[in-house]
Structures are given as C-alpha cells and as structure tokens.
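Q: Could you take me through this structure step by step? I would like to begin with the overall picture and then turn to single residues.

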Amino acid sequence: MSSLEELERRITAIEDRLGVEAGLRASGDRDLGDMAQTLRAQQHTIQALAITQSQHNEKLDRHEESLTAAHGKLDRIITMLDRLLDTDQ
C-alpha cells in the first residue's frame, strides 16, 4: 500500500470518527437541554409546593387558634354549669 493510500485511509478514518463524535456531542447537547428543562420544571413544582404548604400552615394556625378559643369558652361554660349544679343540690 502506498503512503498516499495509507494517508487517505487514515484521513477517512479520522473523518468518520469526527462524524461519530459530532453526532454524540449533538445528542449530548440535546440530552443536557432536556435535563435542564426537566430541572426547571421540577424547580417550579417545588416552589409551588412550598407556597401551598405555607398557605396550609397558615390555615392550620388559624384553625388551631380558633379551636383554642373554643376550648376556653367550653371550659368556662362547663365551670358555670358545675356551679349551677352545685348550688341546686
């Protein structure tokens, strides 16, 4: 095989390899783009969940305050009823 034929064969092999690597690189870039898009979507979902959880915590706090107030009123009513029952006997 002449050196010119060998050189052409090697250049062809290099071009083929560069083509494969370029394809892999493009595929990798698409994969990275898809991953970035997925990550952004997940971040938005986590932010939405954090907001929802915060709103639920606020609502639970209001319910807890309301229940505490109701307990206090019920305790006063029970005390008054106990007094009324004690005076009737």
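A: The answers below go from the whole chain to its charged pairs and its surface patches. Please keep in mind that this is a predicted model.

Q: Fine. How many helices and strands are there in the chain?

A: The chain has one helix and zero strands. The helix, H1, covers residues 3–88.

Q: Is the chain spread out or compact?

A: The chain is more spread out than a compact globule, because its radius of gyration is 38 Å, well over the 12 Å that the globule rule gives for 89 residues. The C-alpha trace spans about 125 × 15 × 10 Å along its principal axes.

Q: Which two residues could show me that spacing within the chain, C-alpha to C-alpha?

A: Arg25 and Ser3 can serve here: they are 22 residues apart in sequence, and their C-alpha atoms lie 32 Å apart in space. Arg25 belongs to helix H1 and is exposed, with a relative accessible area of 51%.

Q: And what percentage of the residues count as buried?

A: Of the 89 residues in the chain, 0% count as buried. A residue would need under 20% relative accessible area to be called buried.

Q: What supplies the area that the chain exposes?

A: The chain exposes about 8,300 Å², and carbon and sulfur atoms supply 58% of that area.

Q: New topic: charges. How many positive and negative ones are there?

A: The chain carries 11 positive and 17 negative charges. The mean positions of these two groups are 3 Å apart.

Q: Why would opposite charges pair at all?

A: Side chains of opposite charge can pair when their charged atoms come close. In this model there are two salt bridges.

Q: Which residue pairs with Arg9?

A: Arg9 forms a salt bridge with Glu6, and their closest N and O atoms are 2.6 Å apart.

Q: Why are those two about one helical turn from each other?

A: Arg9 and Glu6 are separated by about one helical turn because they are three residues apart in helix H1. Arg9 is partly exposed at 45% relative accessible area, and Glu6 is partly exposed at 27%.

Q: What about Glu21, which residue does it pair with?

A: Glu21 forms a salt bridge with Arg17, with the closest N and O atoms 3.1 Å apart. Both residues lie in helix H1, four residues apart, which is about one turn of the helix.

Q: Are Glu21 and Arg17 exposed or partly exposed?

A: Glu21 counts as partly exposed, at 31% relative accessibility. Arg17 is exposed, with a relative accessible area of 57%.

Q: Now the surface. Which residues form the negative patch?

A: The negative surface patch is formed by Glu58, Asp61, Glu64 and Glu65. Glu64 is found in helix H1.

Q: Why is Glu64 called exposed?

A: Glu64 has a relative accessible area of 52%, and exposed means over 50%.

Q: And which residues make the nonpolar patch?

A: Leu74, Ile77, Ile78, Met80, Leu81 and Leu84 make a nonpolar surface patch of about 580 Å².

Q: Pick one of them, Ile78. Where is it found?

A: Ile78 is found in helix H1. Its relative accessibility is 46%, so Ile78 counts as partly exposed.

Q: Could you sum up the picture for my notes?

A: The predicted chain holds one helix and zero strands, and 0% of its residues count as buried. Helix H1 contains the salt-bridged residues Arg9 and Glu6, as well as Glu21 and Arg17.

How values were computed: Residues numbered from 1 in each chain as written. Predicted model: local features only at pLDDT ≥ 70, side-chain atom pairs only at ≥ 80, totals over all residues. Heavy atoms only, no water. Patch = residues over 30% accessible without salt bridge, like charges linked within 9 Å, V, L, I, M, F, W, Y side chains within 5 Å. Areas by Shrake-Rupley, 256 points an atom, 1.4 Å probe, with all protein chains shown as cover. Salt bridge = Lys/Arg side-chain N within 4 Å of Asp/Glu carboxyl O. Lys, Arg positive; Asp, Glu negative; His and termini not counted. Charge placed at Lys NZ, Arg CZ, Asp CG, Glu CD. Buried < 20%, exposed > 50% of the residue type's maximum accessible area, 1.4 Å probe, protein only. Rg over C-alpha atoms; globule rule 2.2 N^0.38 Å.
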